[in-house]
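Me: I should like to learn how to read the setting of a single charged residue within a chain. Could you guide me through one case?

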Amino acid sequence: MNWDWENARDSIPLLLQGLLVTVELTLLGSLVAYVLGLVFALLRRSRIPVVSQAVFLLVEFVRSTPLLIQVFVIFYLLPEVGIRFNAFTTGVIALGLHYATYTSEVYRAGIEAVPKGQWEAATALSLPRGRTWTGIILPQAVPRVLPALGNYMISMFKETPLLLAIGVLDVLNQAKEQAAVTFRAIEPYTLAGLLFLLISLPSSILVRRLERRVGQL
Amino acid sequence: MSGDYSYIFSSILSGLDATIEATLGGIALTIVLSFVAGLAMLSSSRWVRFVSRVYVEAFRGTSEVVQLFWLFFVLPALVGFKLIPLFAGIIVLGLNHGAYGAEIVRGAVQSVPKAQREGAIALSLSPFQRMFRVLLPQAVVEMYPPFNNLFIQLLKSTALLSFISAGEITEKGELLRPVYGSKLVFIYGVELVWYLLLAVLITVVMRFLERRGARRLGREPAVRKRRRRVSQKVPDTTGAGL
């Protein structure tokens, strides 16, 4: 089978439509992951013993098991107890939760990298705990970990296609549909792969640049 | 009632073989490709470096699922024969994670203190001896923790093989879903516990190897309080994300 330019051209509009869905999923999923990851990281440091252990176990469990099964659990199991999400929302939640367990470790590393003197100074100034976090610790911790967070967004972008298992119409699913209609798999799948490269390579160059700037902090 | 549960359990268990085979096969291929591509990226020949860089960026830059679909659905149309699903899965897992592993190998070799390299040159060891007798034995110890993360990532990726019907755990579970819709908690619970067990097993083995490797170098093993994975896969500082 040879490359058919006409079929390639025909499949581009659908693929771009799918790419938009993939990008939306990635952006929303990252947003969830960034917020929830910070929550996990802060809860891990909580003084209440049960809370920090429970969060630790949850994070380890989610991180050690496949995202695909977590997607199935949210999509098929939660409706049994009356919580129902559509495929897109399921994708956002599953990606967000899974990557939150990664980003929580990133935040943790960033928080631990803040010099101890900063904490001591905050105590000496008798700043309340909330103010210490929002005014002193996080503003120093978060910028340092931005490149790592960016890398996870790129990595999430490349994991979204597994959502075709629950029928999300992302790039790959559109390619699959196209292949089913025309009986030609080569063009849509190859183009889908190229679209991923087209986005993830420039993004990773941006992250590398960010890394260099953060390195100067 | 309990018959249903034991049927579900044994049905999922029947996929364990394929999951373990895919994981071990994928790990074997990953190790080979990581070292080949990782050392190639340190080569003095520009072409060798270029080829390995293209391999690494191409596989790190695209989605693993897309790679799987490409190998399984597109390649047969191009070359005229189809791969056995499990075999295709192992190849994709190996190729994909090998690209990440290559960065681990490269980074670890580069992080060996410069004096070691200079010492080897001063002793007029050949480049081959320098790499395999001096640099790599020290670098390998540094590779265990990131490879541990990579292998767990690979284990989790075997679930994707359900897309090409490789007969592993996730697929077995999905086949049960239409029939045992009321026992989803049990189905997914069993699946998740299997993955968790395998992940713990990988970590235990890698810890053991790391300690042994460190002892052989006459180093005290680093005391690590608990499993810490700051970043999954590679501490990614160089490439196309994770």
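Reply: The turns below go from the chain as a whole to one residue. Please keep in mind that this is a predicted model.

Me: What secondary structure does chain B have?

Reply: One counts helices and strands, then reads their order. Chain B contains nine helices and zero strands, and its C-alpha trace spans about 75 × 50 × 25 Å along the principal axes.

Me: What share of the residues of chain B counts as buried?

Reply: A residue counts as buried when its relative accessible area is under 20%. In chain B, 52% of the 242 residues meet that description. The accessible surface of the chain is about 11200 Å², and carbon and sulfur atoms supply 66% of that area.

Me: How many positive and negative side chains does chain B have?

Reply: One counts each set and then compares their centres. There are 27 positive and 15 negative side chains in chain B, with 9 Å between the centres of the two sets.

Me: Where does B:Glu168 lie, and is B:Glu168 buried or exposed?

Reply: B:Glu168 sits in the loop that links α7 (127–157) to α8 (169–176) of chain B. The residue is buried.

Me: Why does B:Glu168 have no salt bridge?

Reply: A salt bridge requires the charged atoms to be within 4 Å. The nearest side chain of opposite charge, B:Lys172, is 8.7 Å away, so B:Glu168 has no salt bridge.

Me: Which side chain joins that of B:Glu168 in a polar contact?

Reply: The partner is B:Tyr195, at 3.4 Å. Leaving aside residues up to four places away in sequence, B:Glu168 also touches others, including B:Gly15, B:Ala18, B:Thr19 and B:Leu161.

Technical notes. Residues numbered from 1 in each chain as written. Chains lettered and ligands numbered in written order. Predicted model: local features only at pLDDT ≥ 70, side-chain atom pairs only at ≥ 80, totals over all residues. Heavy atoms only, no water. Helix = DSSP H or I, 4+ residues; strand = E, 2+ residues; numbered from the N terminus. Buried < 20%, exposed > 50% of the residue type's maximum accessible area, 1.4 Å probe, protein only. Lys, Arg positive; Asp, Glu negative; His and termini not counted. Polar contact = N/O pair within 3.5 Å; in protein donor to acceptor, adjacent residues only side chain to side chain. Contact = heavy atoms within 4.5 Å. Areas by Shrake-Rupley, 256 points an atom, 1.4 Å probe, with all protein chains shown as cover. Charge placed at Lys NZ, Arg CZ, Asp CG, Glu CD.
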